[in-house]
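Biologist: I should be grateful for a close look at one part of the structure shown below. Please then place that part in its wider setting.

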There are 2 protein chains.
Amino acid sequence: MPRSPSSQPTEVEIQILRILWELGPSPVREIHKRLEAAKGTNYSTTVKMLSVMLQKGLVKRDEDAQPHIYRPAASRARTGKKMLDDLIERVYEGSAMSLVLQALSSTRASKKELDEVRRLLDQMEGK
Amino acid sequence: MPRSPSSQPTEVEIQILRILWELGPSPVREIHKRLEAAKGTNYSTTVKMLSVMLQKGLVKRDEDAQPHIYRPAASRARTGKKMLDDLIERVYEGSAMSLVLQALSSTRASKKELDEVRRLLDQMEGK
DNA sequence: TGATAATAGCGAACCTGTTCGCTGCGTCAA
DNA sequence: TTGACGCAGCGAACAGGTTCGCTATTATCA
């Protein structure tokens with residue numbers, strides 16, 4: 001029984017997505033600059049990863065532009081949520097609250113942030 | 001430049017840890033029963049995975065007992081936190097609050113749970 | 001125009017994680 | 001004893017993910 005390919009973005013894929021989230025739509029060259037600075041990646045590798053990600057639907061690109069412009073297929077928030085849901089499912093078997101408590105208790109948050117959470121709580125309860 | 005091995009428990013490793021968290025210390029046979037039921041794993045595979053995990057320090061075992069008894073090296077909470085921290089770091093570059101909001105907003109929580117979060121918030125602020 | 005550089009693509013090598021076959025050892029019962 | 005069985009270990013095969021060398025195509029410009 002073979003294993004199934006991970007549905008999650010892999011390590012390098014996340015790195016590239018992060019760069020794209022930060023820079024916005026960019027040509028390979030820009031993406032590569034960051035990746036190389038971070039871990040000495042070869043240019044060919046960057047191109048290859050992008051082509052793999054394109055095929056997986058993780059990024060999109062404008063081929064009319066010269067050079068091609070890549071952009072993330074999903075927002076950071078959307079991707080993060082998916083990964084979080086997956087983590088919750090795998091480790092806590094679906095109980096998100098356990099994990100929220102974990103996250104909160106290990107964070108130094110500002111008053112502003114805490115208030116934001118409170119507001120959200122009220123909103124959830126009101127509903 | 002070769003890639004570095006993941007410091008996170010892998011897919012199958014998490015599956016095994018979950019079984020151990022649920023069952024408590026168990027012999028291979030018990031672990032295997034669950035794993036086989038879940039995905040048709042061969043007994044040899046279960047043994048192998050456990051030996052790999054033993055070497056990585058993810059599980060510990062009592063070799064005096066016959067058969068050997070395996071137990072998780074870290075609690076579910078501790079492991080979950082580590083994985084969460086890692087996720088936060090990789091996707092949100094350290095901003096845990098963003099992720100907490102995500103988790104909360106995608107959860108249907110009971111009043112009791114919400115109150116628990118509030119208590120924690122107060123506690124954090126008081127400190 | 002010919003040399004040089006930037007852009008893309010492809011296939012193969014390589015690494016980690018996963019799977020399993022085969023072997024060896026101890027125990028128990030015929 | 002011997003045969004069947006459960007337990008443990010090991011190496012090799014395999015799959016997915018990552019890396020890069022090599023080649024082709026298209027600008028760039030002396």
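Biologist: Where in chain B does B:Pro67 lie?

Modeller: This is a predicted model, and what follows should be read as a description of that prediction. B:Pro67 lies in the loop that runs between β2 (59-62) and β3 (69-72) of chain B. The residue that precedes this proline is B:Gln66, and the peptide bond that joins B:Gln66 and B:Pro67 is cis, with omega at about 0 degrees. As a general matter, most peptide bonds are trans. Chain A has a cis bond as well, from A:Gln66 to A:Pro67, with omega near 0 degrees. A:Pro67 is placed in the loop between β2 (59-62) and β3 (69-72) of chain A.

The setting of that loop in chain A can be described through the order of its elements. Chain A contains six helices and three strands, and from the N terminus on these are arranged as α-β-α-α-β-β-α-α-α. Of the 127 residues in chain A, 36% are buried. Among the contacts in chain A with a separation of 6 or more, 45% are between residues 24 or more positions apart. The exposed area of chain A is about 7,600 Å², and carbon and sulfur atoms account for 49% of it.

The contact between the two chains deserves attention next. In chain B, 44 residues are in contact with 44 residues of chain A. The area buried between chain B and chain A comes to about 4,500 Å², with 67% of it given by carbon and sulfur atoms. On the side of chain B, the residues that lose the most area to chain A are B:Arg90, B:Met97 and B:Leu121, which together make up 14% of what that side buries.

Polar and charged pairs also occur across the interface. There are 10 residue pairs in polar contact between chain B and chain A, counted where both residues have pLDDT 80 or more. Four helices of chain B, namely α1, α4 (76-92), α5 (96-105) and α6 (111-126), each supply at least two residues to the side that touches chain A. The greatest contribution to that side comes from α4(B), with 12 residues. By class, the side of chain B that touches chain A comprises 22 nonpolar, six polar and 16 charged residues.

The number of salt bridges between chain B and chain A is four. One salt bridge is formed by B:Arg90 with A:Glu11, whose closest N and O atoms are 2.9 Å apart. The side chains of A:Glu11 and B:Arg90 are likewise joined by a polar contact of 2.9 Å. A:Glu11 belongs to helix α1 (residues 11-23) of chain A. Because its relative accessible area is 39%, A:Glu11 is classed as partly exposed.

A last site, within chain B, is B:Gln8, which is found in the segment before α1 (11-23). B:Gln8 counts as buried because its relative accessibility is 15%, and the cut-off for buried is under 20%. Its side chain makes a polar contact of 3.5 Å with that of B:Asp86. Apart from neighbours within four places in sequence, B:Gln8 is in contact with B:Glu13, B:Lys82, B:Met83 and B:Asp86.

Definitions and conventions:
Residues numbered from 1 in each chain as written. Chains lettered and ligands numbered in written order. Predicted model: local features only at pLDDT ≥ 70, side-chain atom pairs only at ≥ 80, totals over all residues. Heavy atoms only, no water. Buried < 20%, exposed > 50% of the residue type's maximum accessible area, 1.4 Å probe, protein only. Polar contact = N/O pair within 3.5 Å; in protein donor to acceptor, adjacent residues only side chain to side chain. Contact = heavy atoms within 4.5 Å. Buried area = accessible area lost by both parts, 1.4 Å probe. Salt bridge = Lys/Arg side-chain N within 4 Å of Asp/Glu carboxyl O. Nonpolar A, V, L, I, M, F, W, Y, C, P; charged D, E, K, R; others polar. Areas by Shrake-Rupley, 256 points an atom, 1.4 Å probe, with all protein chains shown as cover.
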